[in-house]
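User: I am learning how labels such as "buried" or "hairpin" get attached to a protein model. Please take me through the reasoning behind some of them.

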Amino acid sequence: MAQLKLVDVTKKFGDVIAVNKLNLEVEKGECFSFLGPSGCGKTTTLRMIAGFEDLDEGELSVDGKVFSSSFKKYYLPPEHRDFGMVFQAFAVWPHLTVYDNVAFPLQIRKIPRHEIAKRVKMALQSTGLTHREESYPGKLSGGEQQRIALARAIAINPKVMLLDEPLSNLDAKLREEMRFEIKDLQKKFGFTIIYVTHDQAEAMALSDRMLVMDHGIVQQVGHPLEIYNKPANKFVFSFIGLSNFIPVNIEEGKAVIDGSNETASFEAPLELGKKAFLACRPSEVDFVEEPYTGANQLPPAIRARVARRTYLGDIVDYKVAVGNAEIRIQKPRRVQGPIEGSLCTIRINRTLWYPLE
Ligand SMILES: Nc1ncnc2c1ncn2[C@@H]1O[C@H](COP(=O)(O)OP(=O)(O)O)[C@@H](O)[C@H]1O
Ligand SMILES: [Mg+2]
């Protein structure tokens, strides 16, 4: 039985359908991410799970027990759901010490004092805050403040942890470290994580499975690599990782780049019609030394001009022009690539196909 189950969950704000018939099952112990652009309905979904928002339609249950249901007209208030929660803003109480910040929710729950002391110590230790017990949050860094919020959620001993962009306010290096810390905490305590983010790298790094949404509608659910390699549609392809959409004209299965005579593929799907997009990742395009000679060799060689070359540390980012297309290519720095302004020959190794619209 899935631990968390959402059936046709829908939420409207006036004319805006923030979440549109969302169906989802999350297993116990999974780290599951909601990924999508700002405004796509991630926070609203999380707030419905937490119980801060009721749902307009559908049903939500945890361990087989109904928490919210529009059919049964039932709604369990958040304080009875016992989820751990961490939000983007460092929601810590400035007038309480670190210790009391973590202890407070347990005091409200009327947990015995010795048990509170035990749990707070354990949570502070797990988040590396033991030496900060007596400090006030204002004296601590952003990373430490977010650890207080994490410790507070852990001390509740939740079955499910709800995290809404918890690392967005931290700088890049700390954000990356904290990803691993959250993973480690999950391994240690075994809770289920629902993790909301607009950052695809974060979702890829953390998730066992993830859901990509747009305008309140689920676009794809799956393992991060599955979504990266087999995106369900154009939106998912462009949202996850870097992407090229090359306009092509298709004749007899041959895709010729729009505005040129260069064949990009001999394997265009026939059902696409006369015009389509050939999509590829910048890392899947190679520079080749010699033009191919045999017409049967796949994939074909394409002549292009290097419009721009940029060094991004270990990676070199190229933009090459062919007819009406601009193709982005990324190569490790150690790969010898052509210089800006020169002619080059490229080959596209992995292609996906999308209709013009
Ligand atoms: N309390 C609210 N009142 C009115 N509209 C809201 C409210 N909360 C969210 N929305 C709208 O619902 C949509 C989804 O918002 P949200 O769930 O916050 O997206 P995300 O977390 O993915 O950025 C947006 O169009 C947003 O403007
Ligand atoms: Mg949000």
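User: What is the bridge partner of Lys319 in β19?

Analyst: In this predicted model, Lys319 is matched with Arg328 of β19.

User: How do you know that β18 and β19 pair?

Analyst: Two strands count as paired if DSSP finds at least two bridges between them. Strand β18 (residues 315-322) and strand β19 (residues 325-332) are joined by eight bridges, so they pair. The two strands run antiparallel. They form a hairpin, with two residues between them. Gly323, in the turn, has a positive phi of about 50°.

User: What makes β2 and β6 edge strands?

Analyst: Each of them, β2 (16-26) and β6 (74-75), pairs on one side only. They belong to an open sheet of five strands, in the order β2-β1-β4-β5-β6, with antiparallel pairing. The pairing of β6 with strand β5 (residues 65-69) has two bridges, and the cut-off is at least two, so this counts as a pair. Within it, Ser69 stands opposite Tyr74.

User: Why is Cys31 not in a disulfide?

Analyst: The two sulfur atoms would have to be within 2.5 Å. The closest cysteine sulfur to that of Cys31 belongs to Cys40 and is 17 Å away, so it is too far for a bond. Cys280 is in no disulfide either: the nearest cysteine sulfur is that of Cys344, at 13 Å. By this rule the count is zero disulfides.

User: Why is Cys280 called buried?

Analyst: Buried means under 20% relative accessible area. Cys280 has 1%, so the label applies. Cys31 also counts as buried, because its relative accessibility is 1%.

User: Why is Glu176 called partly exposed?

Analyst: The label covers values between the buried limit of 20% and the exposed limit of 50%. Glu176 has 44% relative accessibility, so it is partly exposed. Glu176 is found in helix α5. Its C-alpha is 8.0 Å from that of Glu202, although the two are 26 residues apart in sequence.

User: Which residues have the most contacts inside the largest nonpolar core?

Analyst: They are Val102, Val120, Leu124, Ile182 and Ile193, in a core of 35 residues. Among the elements that give two or more residues to this core are α2 (98-108), α3 (113-126) and α5 (172-189). The largest share, seven residues, comes from α4. Leaving aside neighbours within four places in sequence, Ile182 is in contact with Leu150, Leu163, Leu167, Ile193, Tyr195 and Leu206.

User: What do the buried residues of α2 pack against?

Analyst: They pack against α3 and α4. Among these buried residues are Val98, Tyr99, Val102 and Leu106. Just after α2, Lys110 takes a positive phi of about 60°.

User: How do you know that domain 1 and domain 2 are in contact?

Analyst: Contact means heavy atoms within 4.5 Å. By that test, seven residues of domain 1 are in contact with ten residues of domain 2. The domain assignment places domain 1 at 4-238 and domain 2 at 243-355, and their C-alpha centres lie 41 Å apart. The area buried between them is about 840 Å², with carbon and sulfur atoms giving 61%. On the domain 1 side, Tyr228, Lys234 and Phe237 lose the most area to domain 2, together 72% of what that side buries.

Key
Residues are numbered from 1 along each chain as its sequence is written. Chains are lettered from A and ligands numbered from 1 in the order in which they are written. This is a predicted model: local features need pLDDT of at least 70, side-chain atom pairs count only at pLDDT 80 or more; totals for chains, interfaces and linings use all residues. Side-chain values use heavy atoms; hydrogens and water are left out. Buried means under 20% relative accessible area, exposed over 50%, partly exposed in between (1.4 Å probe, protein chains only). Helices (H or I, at least four residues) and strands (E, at least two) are DSSP runs, numbered from the N terminus. A nonpolar core is a set of buried Ala, Val, Leu, Ile, Met, Phe, Trp, Tyr and Cys residues joined through side-chain atoms within 4.5 Å. Domain bounds come from an automatic or database domain assignment. Buried area is the accessible area (1.4 Å probe) that two parts lose on being put together, summed over both.
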